[in-house]
Structures are given as C-alpha cells and as structure tokens.
Amino acid sequence: MYSAKAYSVSSATSPFLPATIDRRDPGADDVQIEILFCGVCHSDLHQARNQWSGVMPTVYPCVPGHEIVGRITKVGSRVTKFKIGDLAAVGCMVDSDGVCPECKAGFEQFCANGVFTYNSPDKHLSGVTYGGYSDSIVVKEHFVLRVPGNLDLAGAAPLLCAGITTYSPLRRHAVSKGKKVGVAGLGGLGHMGVKFAHALGAHTVVFTSSPGKIEDARRLGADEVVLSNDANAMAKHAGSFDFILDTVSAPHDLNSYIHLLARDGNITMVGAPEQPLPVNIFGLLFRRRSFSGSLIGGIAETQEMLDFCSQHNIVSDVEVIPIQKIDEAYERLLRSDVKYRFSIDMASLKSE
Ligand code: NAP
Ligand code: ZN
C-alpha cells in the first residue's frame, strides 16, 4: 500500500478538499499509472452530490473521476500489453469477474460483479474505490486502454467516458451515411456524439437549450441546429429521425423527441437524470418507435473507439482547469456552461 494525493468530498454538500488516499501496490496483473489528465463528467457531479442515492448511494469520502489518461510507472510480473513509460487510459470500470456471459461477450459494464472506478466496494483495500481526481491509480491490466500517440492528452481523457458512451449506441444503431441523427444536449457527451455522428457520415442535427451554442454546434459537425424550447422549430422535424441520442442530464420532455422519430426510429437515453421521466406510450405505438438506454461500452469497444478517434483525429474540446477549480467547474456544469468538457491538469495537484 502507498499514499496518493487526491481531491475528495466528505458529504453531498461539502466542497472538494485536498486528501491523502491509500492505493494498493501493483499486483502481478496490475498497472500503476501516474495520472496526467482527468475529465470532469456530469456523473462525477451526480455522485459527489449523492443525486443517484436511490440506485447507487455515495459513500464518503468520495474521489470521483473516470476519464483518466496518464503514464505507466510500474507493471506487475504478468502484465504483457504495457511497459513502464507507456501512455495509458482508464475509464469507468477497473474490474469484473471475467467469466460471466456478459464479460465473455465483451460487455464488462454489465457484469454483476463489476467494479466501477470510484464508489464501488474495493476488494483489495477496505472501503470503496477512488477515482481519477488523484495523482496515481493502480488498475488491472485488462481495464487499461492504449492511448494512440497522435491524440492530445487533455482532449483524449474525456474519450474514456463521454467518448465511449456516445460511440457505442451510435454504432449499435448503425449510424451512417443516409441516416438522420439527432443529438440532444450539447455538453460533454453531446459534443462527442456530434463529432462521431458527423464522422460516421450521418446528417446530424443538434438539439440545444442554449442559444449561445448554435455556432459551436456547426463547427463541431452539426448540419442543423434546433433550439429545443422552440416548439415550432421542433415540429418541423416531426416523424423524420432514424435515431436520437439523448444526453441531457436534467429532467426534460422526452415526448417532444419521441415525436420526431420516423417509423422504427429509436431514441436512446444516455443522460441519467435522477428522477423518472414520463413517456407518452402512444408516441411509441404509432410508427413502432422504440426507447432504449445505454451504459458506457465494453473494454474492446472502448479501444476500438480510441483507435477510431486516432484515425479521424477526434478528441474532446476541453477547457483545461487546475484541480483547485473543481467546485467552480461543477457549478458551471449545472448552468450548462461547459465548452465542452473540463479536463483537470493533474500537475496542479503537486502544489497541494
Ligand atoms: P454536461 O456536460 O453537463 O451536459 C449536459 C447537457 O444537457 C448540458 O450542457 C445542456 O446542453 C443539457 N441540459 C442540462 N440541463 C438541461 C435542462 N434542464 N433542460 C434541457 N437541457 C439541459 O453532462 P455530460 O457529462 O455530458 O453528461 C450528461 C448526462 O449523461 C449526465 O446525466 C451523466 O450522468 C450521464 N452519463 C451517462 C453515461 C452512461 O453510460 N449512460 C455515461 C456518462 C454520463 P445544452 O446547453 O445544449 O442544452
Ligand atoms: Zn462519465
């Protein structure tokens, strides 16, 4: 066991404070990573503030962060894919049982014995796992990703959650040239969804509640932009979408999006508001539309997504912040004031 520097919260209403946490010494199958950048996901905020108390109550102290990029500082004796000095990345998961049907099918995110990067029971040390708002982490090799050398590191970190969470449903629904695809909410996930839908060749439409993001949406790859609170503008697209990816983090009107789907169209929710949202069933019956959810992606698909980003020169548009500005970043997330992902420069933790 060794000590690492981190930033943690001690309750749902506390500010972040510097902390010292225990990390396990790397075992034979483990990799130790010096964290260089960690993206700030809205899920970090939901968890730090215990907004998902009904599904995954937060254990305090909590060290969030599951968009981790860094450099390998130690490898265990059985590690074969990595060596000291390599770039490496870690997303939302750090372990799973590896033997269940989900793991065998490459869906580690659905393993009943899966371990999330933070706020999951830690079987090595007591308590819960601690995430990437830290200078170092130890992770089982299978859950460590290769970072293609041409990607900017601060912009690559958010790919580990915002990237895979949007890439996976777009691929699953065969988004491609000739398809009309909507992305609701232009935050961290949404802006990655736009980049991927555009790179996959789809006619891409952004739905935003922020007039100030219209220009950026086009720059990010949108063919059209619709203000989601303008009922007339929404009505013009009725019955026309093959697929809509909903990334909105707060309660909103799902039915106004369902109404926009064509026959057999699908809307997939990746946003995770804490309250249930009403669905008008008749909107699904007519035109045989469907409503789904999606959770991050498996490890192999995450590597595929990183390699896709390397080929298409895709990274997240980031505002790099020091860890000391994390509370301010959360306040800005709540105001939808993010362009388009905060990425923490972990060098800022050295001064603590
Ligand atoms: P984010 O950067 O804060 O973006 C969320 C966007 O939603 C905002 O920028 C805003 O976009 C829109 N929005 C927020 N409040 C709204 C409201 N009241 N009405 C209408 N639009 C609103 O968040 P994120 O990191 O992208 O995460 C989005 C959601 O996905 C969160 O709930 C997060 O927990 C969840 N998530 C799920 C998974 C998964 O595996 N399913 C993975 C990661 C994150 P505009 O300004 O364009 O309207
Ligand atoms: Zn996330």
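The legends below describe close-up views of a predicted model.

**View 1. The zinc ion (ligand 2) and its donor residues.** Three residues coordinate the zinc ion (ligand 2): Cys41 through SG, His66 through NE2 and Cys161 through SG. The coordination distances are 2.0 to 2.2 Å. Along the sequence, the donor residues of this ion follow the spacing C-x24-H-x94-C. Cysteine 41 sits in the loop between strand S3 (30-40) and helix H1 (42-48), and cysteine 161 in the loop between helix H3 (153-156) and helix H4 (162-172), so the pair ties together parts that lie 120 residues apart in sequence.

**View 2. The two cysteine donors, Cys41 and Cys161, and their burial.** Are these cysteines buried or exposed? Cysteine 41 has a relative accessible area of 2% and is buried. Cysteine 161 has a relative accessible area of 4% and is also buried. Both values are under 20%, the cut-off for a buried residue.

**View 3. Helix H4 and its surroundings.** Helix H4 (162-172) begins after the loop that holds cysteine 161. How many of the residues of H4 are buried? Nine of the eleven are, so the helix is largely enclosed by the rest of the structure. The buried residues are Ala162, Gly163, Ile164, Thr165, Thr166, Tyr167, Ser168, Pro169 and Leu170. They pack against four strands and two helices as follows:

- strand S10 (180-184) and helix H5 (188-199);
- strand S13 (241-246) and strand S14 (261-269);
- helix H10 (299-312) and strand S17 (341-345).

Just after H4, alanine 174 takes a positive phi of about 50°.

**View 4. Polar contacts of ligand 1.** Which residues have polar atoms beside oxygen atoms of ligand 1? In the side chain of histidine 42, an N or O atom is 2.7 Å from an oxygen atom of ligand 1. For serine 43, a polar side-chain atom lies 2.8 Å from an oxygen atom of the ligand. Leucine 186 takes part through its backbone: one of its polar backbone atoms is 2.7 Å from an oxygen atom of ligand 1. Taken alone, ligand 1 exposes 930 Å², and the protein buries 90% of that.

**View 5. The shell of residues around ligand 1.** Ligand 1 is surrounded by 30 residues, and the closest are His42, Thr208, Ser209, Ser210 and Arg341. By type, the shell divides into 13 nonpolar, 15 polar and two charged residues. The elements that give two or more residues to this shell are H1 and H5. H1 gives the most, with three residues.

Key. Residues are numbered from 1 along each chain as its sequence is written. Chains are lettered from A and ligands numbered from 1 in the order in which they are written. This is a predicted model: local features need pLDDT of at least 70, side-chain atom pairs count only at pLDDT 80 or more; totals for chains, interfaces and linings use all residues. Side-chain values use heavy atoms; hydrogens and water are left out. Donors are N, O and S atoms within 2.8 Å of the metal (3.2 Å for Na, K and Ca); water is not among the atoms, so sites may look incomplete. Buried means under 20% relative accessible area, exposed over 50%, partly exposed in between (1.4 Å probe, protein chains only). Contact means heavy atoms within 4.5 Å. A residue is near a molecule or strand if one of its heavy atoms lies within 4 Å of it. A polar contact is a pair of N or O atoms within 3.5 Å; within protein, one must be able to donate a hydrogen and the other to accept it, and residues adjacent in sequence count only if both atoms are side-chain atoms. Accessible areas come from the Shrake-Rupley method with a 1.4 Å probe; for residues, only the protein chains shown count as cover. Ala, Val, Leu, Ile, Met, Phe, Trp, Tyr, Cys and Pro count as nonpolar, Asp, Glu, Lys and Arg as charged, and the others, Gly among them, as polar.
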